[in-house]
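Biologist: I am new to this structure and would be grateful for a close look at a single part rather than a tour of everything. Could you take the salt bridges, and then describe the surroundings in which they sit?

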Amino acid sequence: QVHLVESGGGLVQAGGSLKLSCGASGTTFSINAMGWYRQAPGKQRELVAVISGGGVTNYADSVKGRFTISRDSAKNTMYLQMNSLKPEDTAVYYCHVETMFHRDYWGQGTQVTVSS
């Protein structure tokens, strides 16, 4: 089993930056892909960015060029650097992992609020 804990959310003005972290514990050896999702009020949860075990990244069109996903396997930690934030980036951001056993795990979420 994998346990995920996000941190780094908060309130920021439009144009500002935040860096989210996701720490993993448990059977971390089994983790393949890691990713960030977000859910705004009244909307469905959507993929923000994903990084494979080999370091290949993919981003939602809405965040390309502004957000950067990375992972430090030695620390079992994933990051999301968010720059040039917009009010529409306001959401609860969730950490997600997929394991080699085809199991999915989610963090509890961290709130990001961007004021205009």
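Modeller: A cut-off is needed before we begin: a residue is called buried under 20% relative accessible area, exposed over 50%, and partly exposed in between. Please also keep in mind that this is a predicted model.

By that cut-off, Asp61 counts as exposed because its relative accessibility is 64%, while Lys64, at 49%, is partly exposed. The side chains of these two residues meet in a salt bridge, with 3.1 Å from N to O. Searching the whole structure gives four salt bridges, and a network of them links Arg38, Glu46, Arg66 and Asp89.

Within that network, Asp89 forms a salt bridge with Arg38, where the closest N and O atoms are 3.0 Å apart. Asp89 belongs to the loop between S8 and S9, whereas Arg38 belongs to strand S4 (residues 31-39), so this pair ties together parts that are 51 residues apart in sequence. Asp89 counts as buried because its relative accessibility is 1%, and Arg38, at 6%, is buried as well.

Asp89 also forms a salt bridge with Arg66, and here the closest N and O atoms are 2.8 Å apart. This pair, too, links distant parts of the chain, since Arg66 lies in the loop between S6 and S7, 23 residues from Asp89 in the loop between S8 and S9. Both Asp89 and Arg66 are buried.

The loop between strand S6 (57-59) and S7 also holds Ala60, which counts as buried at 19% relative accessibility. Leaving aside residues up to four places away in sequence, Ala60 touches Leu47 and Val48.

The strands named beside these loops lead on to a sheet. S7 and S8 belong to an open sheet of four strands in the order S1-S3-S8-S7, with antiparallel pairing. Its edge strands, each pairing on one side only, are strand S1 (2-7) and strand S7 (67-72), and the twist from one strand to the next averages 15°. S7 is joined to strand S8 (residues 77-82) by six bridges; among the partners, Thr68 is matched with Gln81 in S8, and Ile69 with Leu80. S7 and S8 form a hairpin with four residues between them, and Asn76 in the turn has a positive phi of about 50°.

Notes. Residues numbered from 1 in each chain as written. Predicted model: local features only at pLDDT ≥ 70, side-chain atom pairs only at ≥ 80, totals over all residues. Heavy atoms only, no water. Pairing = 2+ DSSP bridges. Helix = DSSP H or I, 4+ residues; strand = E, 2+ residues; numbered from the N terminus. Axes fitted to C-alpha atoms, helices over the stretch in contact; angles between N-to-C directions. Buried < 20%, exposed > 50% of the residue type's maximum accessible area, 1.4 Å probe, protein only. Contact = heavy atoms within 4.5 Å.
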